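Work through the exercises below with the model open. Try each task before reading its solution.

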Amino acid sequence: MAHKAIREADGMRMLSRLLNDYSKQKYEISDKIVTVAPETNLLELPKQYPWLTSEKLVVKPDQLIKRRGKNKLVLVNVNYTQAKAWIQEKTQAPITIYGKFDAAGKPVAKGTVGQLTHFIIKPFAAYKESDECYLAIMSTKDGDTILFHHEGGVNVGDVDSKAMRLEVPIGTYPSVEEIKNKLLEKVPLGRKELIAGFIAALFKFYADLNFTYLEINPIAITKDSVIPVDLAAKLDDTAEFESGEKWGKIEFPVPFGRMPTKEEAFIGDLDSKTGASLKLTLINPEGRVWTMVAGGGASVIFADTITDLGFMSELANYGEYSGDPSEDFTYLYAKTILELMTRKPNPKGKFLLIGGGIANFTDVAATFKGIIRALQEFQKPLQENKVKIYVRRGGPNYQEGLFRMRALGEKLGIPIEVYGPETHMTKIVSMALECES
């Protein structure tokens, strides 16, 4: 499972569009949500969203930033002219975001410097501070945990120690009565049914759309309404084949302060041009262990195995190629990784793990053609970097793909060990690394 954070705007849009599909009781979740990106024309925006000039607004950055309130990055109860001026001011120069504050609200740790580029604008919702609560759902190894605290907002404090908890086993859903009994002890009686129904529906929404984390803080609970004020969420991005249609058009942005490298941006652009999935995240460009993994789930398993064997500090990259990418796209993906891998030699040599599960529909031989083209092109750099290659793959035409890969090693004078589905998927990890321990 790959936990990837999404923008608040994307999460709010999903909530507004889909929550009522999971509840008999209808909740009025506003669909008035606007994203401001670097290419957005702020002067033209009200033509598309007329309510921007007729309602009071809330505006804040939407870049996976925690503690926006503490960092004075939430502007509330303003008109569009004020919101526009504030966005323009905040994008003028890099800023520092702090993650920890003392009781007086002063930063107590070094901050992260970065550029604000994306914002969310919503209508301002009027409610009392006493209406604010905290709500979160998170995945665990045994199922999911729901956390609820009758107080919320920017000063909620340590919710881990304060919140009531309800453990939900895998494959089950909490009932309204369970929620009321386990979580809502301190909620006024007249509001228990409303919020219990909301939490029950939210959990179904969370599970069906393959969220791994969903936090709403604060969530305002009035006599007759539930208002999600601020949202943070993560999805299991390997479930895109199952839930992608319901997600709609979303993105998985990099955390604030971390700009994608040229190579990451290139792969991201490739990914946007194909129905397949091409992902690349650089972890340690000087690492000795590089992966070229078919499948999002497999990429997680490979990374975990490398870490379990004590080589986390040597893991260079994380990513996947899946969904039957074409030979040309696979070639460009492999070429990018090989260029990064051979940029700086290490006297101890390096390892390239070309792995994956047993494919259902991806033509292994066809995708291997792209990888083989790239390996041929990098013959000399691979030799100079003392690269050892381990391959494990299964699926349609895998015998032909493995035959070609084995023959390639002999032709290029590069050690390539090749294994099929009879070998456990991550066995090549231990083959490569245990001799290094």
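**Exercise 1.** Decide whether Phe205 is buried or exposed, then classify its ring pair with Phe211.

Solution.
- Step 1: Phe205 has 1% relative accessibility, so Phe205 counts as buried. The cut-offs are under 20% relative accessible area for buried, over 50% for exposed and partly exposed in between, with a 1.4 Å probe and protein chains only.
- Step 2: Phe211, at 4% relative accessibility, also counts as buried.
- Step 3: The two ring centres lie 5.3 Å apart and the planes make 35 degrees. Rings of Phe, Tyr and Trp (its six-membered ring) pair if their centres lie within 6.5 Å; planes under 30 degrees apart are stacked, over 60 edge-to-face, the rest tilted. This pair is tilted.
- Step 4: Ring pairs join Phe205 and Phe211 to a cluster with Tyr22, Tyr173, Phe203 and Tyr206.

A note on the basis: this is a predicted model, in which local features need pLDDT of at least 70 and side-chain atom pairs count only at pLDDT 80 or more, while totals for chains, interfaces and linings use all residues. Residues are numbered from 1 along each chain as its sequence is written, and side-chain values use heavy atoms, with hydrogens and water left out.

**Exercise 2.** Find the largest nonpolar core and name the element that gives the most to this core.

Solution.
- Step 1: Apply the rule: buried Ala, Val, Leu, Ile, Met, Phe, Trp, Tyr and Cys residues, joined through side-chain atoms within 4.5 Å.
- Step 2: The largest such core has 46 residues. Phe148, Phe198, Leu202, Phe205 and Phe211 have the most contacts inside it.
- Step 3: Elements giving two or more residues include α1 (8-18), β9 (143-149) and β11 (211-221). Helices (H or I, at least four residues) and strands (E, at least two) are DSSP runs, numbered from the N terminus.
- Step 4: α6 gives the most, with 11 residues.
- Step 5: A second, separate core has 38 residues, among them Leu270 and Leu412.

**Exercise 3.** Place Thr222 and find its side-chain partner.

Solution.
- Step 1: Thr222 lies in the loop between β11 and β12 (226-228).
- Step 2: Its relative accessibility is 14%, so Thr222 counts as buried.
- Step 3: The side chains of Thr222 and Ser225 share a polar contact of 2.5 Å. Such a contact is a pair of N or O atoms within 3.5 Å; within protein, one must be able to donate a hydrogen and the other to accept it, and residues adjacent in sequence count only if both atoms are side-chain atoms.
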